[in-house]
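The following note comments on the nonpolar packing, on one helix and on some backbone angles. Please read it with the coordinates open.

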Amino acid sequence: MNIGLIAHDAKKKLMQNFCIAYRGILSKHELYATGTTGRLIVEVTNLNVHRYLAGHLGGQQQLAAQIEHNQMDLVIFLRDPLNPKQHEPDVNNVVKLCDMYNIPLATNLATAELLIKALDRGDMEWRELYN
């Protein structure tokens, strides 16, 4: 399955820790991340991550294009709701596209853990019907 990983600056360390904790599960799937987030994940996990541009330089649009073409099965987007970014419309676009195309989306750690455990149990196999 294709998994998109995005994290706002204040959540990048949390994303690294999440990927360390679930490295075994994540290693069985294709990972895609915006530039800095992807680099930080690779540094601590040595996972293979396809990296887009930095989010504010177009990486979120690249991920959005994959969602629109049904090439993404799960998105984990650890957002910082207290400090909106200048590129917030792009953030909202990814969320909107996940809703439109029925892509499971986690925007916080609790939901991310639920989705990753569901993925490991095989609960996400219904996505294969969409592909």
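1. N102 sits in the loop between helix 5 (88-100) and strand 5 (105-106); helices (H or I, at least four residues) and strands (E, at least two) are DSSP runs, numbered from the N terminus. Its phi is near 60°, a positive value in a residue other than glycine. N102 is partly exposed, at a relative accessible area of 39%; buried means under 20%, exposed over 50%, and partly exposed in between (1.4 Å probe, protein chains only).

2. On provenance, this is a predicted model, in which local features need pLDDT of at least 70 and side-chain atom pairs count only at pLDDT 80 or more, while totals for chains, interfaces and linings use all residues. Residues are numbered from 1 along each chain as its sequence is written, and side-chain values use heavy atoms, with hydrogens and water left out.

3. N70, in the loop between helix 4 (59-68) and strand 4, also is not a glycine and has a positive phi, of about 55°. The relative accessible area of N70 is 22%, which makes this residue partly exposed.

4. The largest nonpolar core (buried Ala, Val, Leu, Ile, Met, Phe, Trp, Tyr and Cys residues joined through side-chain atoms within 4.5 Å) has 23 residues, of which L5, M15, F18, L26 and I76 touch the most other members. At least two residues of this core come from each of strand 1 (2-7), helix 1 (12-21), helix 2 (23-26), strand 2 (30-33), strand 4 (74-78) and helix 6 (109-121). Helix 6 supplies the largest share, 4 residues.

5. Leaving aside residues up to four places away in sequence, F18 touches I76, L109, A112, E113 and I116, where contact means heavy atoms within 4.5 Å. Another core, of 14 residues, lies apart from the largest one and includes Y32, L63, A64 and C98.

6. Which residues of helix 6 are buried? They are A112, L115, I116, A118 and L119. These cover an arc of only 160° around the axis (taken from the directions from the helix axis to the C-beta atoms), so they lie on the same side of helix 6. Their cover includes strand 1, helix 1, helix 2, strand 4 and strand 5. The face turned away from the buried side of helix 6 carries the exposed residues A110, L114 and R121.

7. At the N-terminal end of helix 6, N108 acts as a cap, with a side-chain oxygen 3.2 Å from the backbone nitrogen of A110. Just after helix 6, G122 adopts a positive phi of about 95°.

Key:
A polar contact is a pair of N or O atoms within 3.5 Å; within protein, one must be able to donate a hydrogen and the other to accept it, and residues adjacent in sequence count only if both atoms are side-chain atoms.
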